Amino acid sequence: MKLLTLNCHSWQEDSQLEKISILAHDIAEKSYDVIALQEVSQLIESETAQGLVKKDNFALVLLGELEKLGVKDYSLVWDFAHIGYDVYEEGVAILTKHPVVEEHRFFISKFHDQSYWKTRKIVGATISYEGKPLTFYSCHLGWWTDEEEPFKFQVDSLIEQVTTEFPFFLMGDFNNNAWVREEGYDYLLSKGLMDTFDEAVERDNGITVEGKIAGWDENKVDLRIDLVLSSEKVDVRSSRVIFNDVNKPVVSDHFGVEVVLGEGVGS
């Protein structure tokens, strides 16, 4: 099973359509089973395509690029968390080529006002994989030091609302550096979650952010804040950073993470 997570920084990138094409070609090449995307935006004023999704939704445009490459088997689960840059509905998404048994949407922040940029919402999909149900969540959380929107509250809220009857994976941008002890990353692991990076037979340095980016304006160190966490121990063949100009060109202010799981997932 192949997984990909990426904070897209959508519609904020130079050469945005070219970068969407790079992402689409990688998906067509790798044929990921599940893709979690964050900062998946659409203009508030855009025309509706279907349900909540509008015609310029970043993920929908990506699906259009995939169709041009002959890839038509991905379905989309998307919802918006908050207004971004005054003009966008910014949200999170799951793409999967497996049957979606159930969709999941819920707030994890104290604020539910979607006009406020700190409001956080999760989307998830329970899929049927080799006849077994597995659930995947696309996550974009806040910062450890935020007193107004405490990270602990968001993690507690997330864990309370995930579907625990099946194995689940939390994928996304957790905004907490995995190399800093006794803060957000350790708090996540205290909930019994396993980091696929730690479990991987093959792995790289895990760095997904270099230097300052949106939300890390003063940052001067390399960060590992984009993670794939599992509810139980799984066989992880590899964990690699992608779209970092070493493994495929850069497409966002975050690099992505691709994880390959071994056999027997969810058994």
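Two strands count as paired here if DSSP finds at least two bridges between them. With that in mind, a good place to start in this predicted model is the pair made by strands S8 and S9. Strand S8 covers residues 121-129, strand S9 covers residues 132-140, and the two run antiparallel, joined by seven bridges. One spot to look for is Ser-128, whose bridge partner in S9 is Pro-133. S8 and S9 make a hairpin with just two residues between the strands, and Glu-130 there takes a positive phi near 55°.

S9 has another neighbour too. It pairs with strand S10 (residues 168-173), this time in the parallel sense, over six bridges. Here Thr-135 stands opposite Phe-168 in S10. To get from S9 to S10, the chain passes through helix H3 (residues 151-161), and the resulting β-α-β crossover is right-handed. As for exposure, S9 is mostly covered, with seven of its nine residues buried.

Strand S6, at residues 88-96, is mostly covered as well: nine of its nine residues are buried. In a regular strand, side chains alternate between the two faces of the sheet. Along S6, Tyr-88, Glu-90, Val-92, Ile-94 and Thr-96 point one way, while Glu-89, Gly-91, Ala-93 and Leu-95 point the other way. Both sets are buried, Glu-89 and Glu-90 included.

S6 pairs with strand S5 and with strand S2. Strand S5 (residues 75-84) runs antiparallel to S6, and nine bridges join them; along this pairing, Asp-79 stands opposite Val-92 in S6. S5 and S6 also form a hairpin, now with three residues between the strands, and Tyr-85 in the turn has a positive phi of about 55°. Strand S2 (residues 34-43) pairs with S6 in the antiparallel sense too, over eight bridges, and Val-34 of S2 stands opposite Thr-96.

What about empty space inside the protein? The structure holds three cavities of 30 Å³ or more, and the largest has a volume of about 60 Å³. Its lining takes in 13 residues, with Phe-197, Arg-224, Asp-226, Ser-239 and Val-257 lying nearest the centre. Helix H5 (196-199), strand S13 (226-230) and strand S14 (236-242) are the elements that give two or more residues to this lining. By character, the lining of the largest cavity splits into five nonpolar, three polar and five charged residues.

Notes
Residues are numbered from 1 along each chain as its sequence is written. This is a predicted model: local features need pLDDT of at least 70, side-chain atom pairs count only at pLDDT 80 or more; totals for chains, interfaces and linings use all residues. Side-chain values use heavy atoms; hydrogens and water are left out. Buried means under 20% relative accessible area, exposed over 50%, partly exposed in between (1.4 Å probe, protein chains only). Helices (H or I, at least four residues) and strands (E, at least two) are DSSP runs, numbered from the N terminus. On a 1 Å grid over the protein atoms alone, a cavity is a set of points where a 1.4 Å probe fits but cannot get out, and a pocket is an open set with protein on both sides within 12 Å along at least five of seven lines; lining residues have an atom within 4 Å of a point. Grid points are joined across faces, edges and corners, and a volume is the space filled by probe spheres set on the points. Ala, Val, Leu, Ile, Met, Phe, Trp, Tyr, Cys and Pro count as nonpolar, Asp, Glu, Lys and Arg as charged, and the others, Gly among them, as polar. A crossover is right-handed if, with the strands pointing away from the viewer, the path from the first strand over the helix to the second runs clockwise.
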